[in-house]
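Student: Hey, got a minute to go through a protein with me? I'd like to get a feel for where things sit in it.

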Amino acid sequence: MYSQKAFDILNSSINNAIFIDEKAKDFYSGTDINPDIAEEKLSFELFDTFKKNGKNLAVHKFEKSNLDEPKTLEYLFKGKDLILLDWELAEHVGQEYSLKLLNKAVSAPYINFCCIYSSSTNFNQIPLFLDAFFSGLKTEDFESIKNEYSFFEINDLDDIVNKDEETISKFITEENINLTDFPIEHLKTKSESYLIRLIHISLNIDKFILPDDTIRKYEVLNTGDNSFMINNTFVLTLKKDFTEDSDITKLLQRISEVIIKNKGSFFQLLGLEMQSVFNSNERFIDETILKSSTEALFQFRNHIKNDKTFGTIVKKLLIEQATLKLRTAKLELINTDFLNFKSKELENNPPSVEDLFQLNVFYNSVSVKSLHPDSIPNLNFGDVFKDNDNNYYLCITALCDCYEPKKIDFNFYFVKGKEFQNIELALKLGDTGFISFLPNGKAIDWGNLNESILKRIKEPSLSNSKDDIKKLQNDIKTLLQIINKISTKQSELGSLQYVPFYIKPKVYNVQNNKLIDNKIRIWDITNKYTKEEFEQSLNYFDVEYITTLRNDYTQRMANHAFGHPARVGVDFVKM
């Protein structure tokens, strides 16, 4: 059932494709198909089968000069749903050209699928070329890996490098390979199979192609089965089938079978289906707004007198329109029959802690990136930052004040958080504690419970002796430390420690609310009463943008934080 759903969604989503091959048929050459060149016949048959199924396929006969022609590159990728890209665009040396074109494809945020479509004799080596090119590592990095594992000969890993995780893990144990000493620090958390592939590439680095410094670094996820997620584009390798692929149904079926093996395929297909809903809808703007006039809209703009605010309001109208369109859509992937089928299929396959964490990241936050390089985002409600001491800061300043910071003299409200070390416990607590799940792999606790408990016992009723009070405070501290070390099977009492009494709002001055190089500078303005005088401490430091919490999650914490100073305290006579 899942396979059929995937095919149906893929079939409805792919309407504009392009086949890029140096041996493709040049349709405007005025010559007949050369029967000795299989790609000429294949390109013609692909074009024909796409057309008969109501889809558009552009066929491009590649030339090296295309790489230096911006308009040609725009033609190749703009508006395309699927790229069929030959691997050797000039025999063996053409691998570098293919990688450069692939880099252009994954740089385009609207391309969902790019298929390395090849009959190359080194087809099985293509994933290793992708690993090397998109790893973000330089020649000296590969040299350091090679030096660390110099006890390997060049061909020692040939037979193991493309095996499954279990086989590779067994090989590492048997050969006593120490991956904890892997020389590239930020890669130590990657899978064992990926690190083994990098070692293999390092030993054979002269065979592979590395990008120049102008190539951007991307998030690359090797999903197995010779497929990758590169910068949100699904990249798969597919052998050319010169007989079957002239039938578009069989070609798309082959592609969909690779896609559904990717563990993130459900979300990818769900996104494709949503895109199809918008694309197939008769129009985005409906008759309600069309009954108004341009004059009325600009009268409203003149009344607002602020284009930033006006633009935000217009975008909110469009978002609401999109929400209404999607609300009434019938998405096949959330059909009850299919969901029941999939739930039963997965009932004995529990997700990992990492999988659950990543799903919460998706629920919880979205990283804001400007659609235009010259557009620098402003500090906004829900933005999360981190300082050099691993403290986190969440902006809870009202959205209207974020748009017009002059109204608040650039004094923004934040809450301060710290890393919650026990990820499994964080997942169990859910929204019981005020915890956020961030894309940098950290769970952040915004509460202030431990401090609250200690404040509550500053005047205990058991004794007025300073020594007794101090002893009691130390006992409480010790108790809290013990509770923190309890395993994830927390008792109800143990979990209560993570229900914060309050979230403390704090004011920081932000002179420049533009996120320049992904950072802002904040000023800690604190008035402290000492020796009958106010000591004003002005400390500034830079914090780096991490992500933006979704509105509901931020608002929940803002409500809790601003509720704290509104609370009423009462005094009783104490024994």
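**Chatting through the model**

Tutor: Let's begin with D517, which sits in the loop between β15 (505–509) and β16 (519–530). Keep in mind that this is a predicted model.

Student: OK, is D517 buried or exposed?

Tutor: D517 is exposed, because its relative accessibility is 70% and the cut-off for exposed is over 50%. Its phi is near 55°, a positive value in a residue other than glycine.

Student: Where else can I look for a positive phi in a residue other than glycine?

Tutor: Try N390, with phi near 65°. N390 is in the loop between β10 (383–386) and β11 (392–395). With a relative accessible area of 40%, N390 counts as partly exposed.

Student: Let's switch to charges. How many salt bridges are there?

Tutor: The count comes to 18. As background, side chains of opposite charge can pair when their charged atoms come close. One of the salt bridges here joins the side chains of E96 and K100, at 3.5 Å from N to O.

Student: Where do E96 and K100 lie?

Tutor: Both are in helix α4 (residues 95–107), 4 residues apart, which is about one turn of the helix. E96 has a relative accessible area of 33%, so it is partly exposed. K100 is partly exposed too, at 32% relative accessibility.

Student: And what does E185 form a salt bridge with?

Tutor: E185 pairs with K188, and their closest N and O atoms are 3.2 Å apart. E185 counts as exposed because its relative accessibility is 57%, while K188 is partly exposed at 33%.

Student: Got one that links distant parts of the chain? Which residues would I click on?

Tutor: Click on D524 and K506, whose side chains meet in a salt bridge at 3.4 Å, N to O. That pair links distant parts of the chain, with D524 in strand β16 and K506 in strand β15, 18 residues apart.

Student: Is D524 buried or exposed?

Tutor: D524 is buried, since its relative accessible area is 16% and buried means under 20%. Its partner K506 is partly exposed, at 26%. There's also a network to find: D21, E39, D86 and K240 are joined by salt bridges that share partners.

Student: Nice. New topic: what's in the largest nonpolar core?

Tutor: It has 60 residues, and those with the most contacts inside it are I20, F77, L101, L102, F182, I199 and V235. Helix α8 (residues 192–203) gives the most to this core, with 7 residues.

Student: Why does the core lie between domain 1 and domain 2?

Tutor: Because both of them give residues to it: domain 1 covers 1–135 + 217–274, and domain 2 covers 137–210. More broadly, in soluble globular proteins, nonpolar side chains tend to be buried together.

Student: Let me zoom in on I20. What does I20 touch?

Tutor: Leaving out residues up to four places away in sequence, I20 touches ten others you can pick out, H60, F62, L76, F77, I83, L84, L85, D86, L89 and L101. There's also a second, separate core of 33 residues, which includes A6, I14, A17 and L84.

Student: What about nonpolar residues on the surface? Which ones make a patch?

Tutor: F27, Y28, I33 and F44 make a nonpolar surface patch of about 450 Å². I33 is placed in the loop between β1 (16–21) and α2 (38–52). I33 counts as partly exposed because its relative accessibility is 33%.

Student: I also spotted K5. Where is K5 found, and is it buried or exposed?

Tutor: K5 is in helix α1 (residues 2–13). At 15% relative accessibility, K5 counts as buried. Beyond residues up to four places away in sequence, K5 touches E332, L333 and F338.

Student: Last one: what is N56 in contact with?

Tutor: Setting aside its neighbours within four places in sequence, N56 is in contact with N15, N16, A17 and F50. N56 is in strand β2 (residues 56–61), and it is partly exposed, with a relative accessible area of 39%. The C-alpha atoms of N56 and K80 are 9.5 Å apart, although these residues are 24 residues apart along the chain.

Technical notes:
Residues are numbered from 1 along each chain as its sequence is written. This is a predicted model: local features need pLDDT of at least 70, side-chain atom pairs count only at pLDDT 80 or more; totals for chains, interfaces and linings use all residues. Side-chain values use heavy atoms; hydrogens and water are left out. Patches are made of residues with over 30% relative accessible area and no salt bridge: like charges are joined within 9 Å, nonpolar side chains (Val, Leu, Ile, Met, Phe, Trp, Tyr) within 5 Å. Accessible areas come from the Shrake-Rupley method with a 1.4 Å probe; for residues, only the protein chains shown count as cover. A salt bridge is a side-chain nitrogen of Lys or Arg within 4 Å of a carboxyl oxygen of Asp or Glu. Helices (H or I, at least four residues) and strands (E, at least two) are DSSP runs, numbered from the N terminus. Buried means under 20% relative accessible area, exposed over 50%, partly exposed in between (1.4 Å probe, protein chains only). Contact means heavy atoms within 4.5 Å. A nonpolar core is a set of buried Ala, Val, Leu, Ile, Met, Phe, Trp, Tyr and Cys residues joined through side-chain atoms within 4.5 Å. Domain bounds come from an automatic or database domain assignment.
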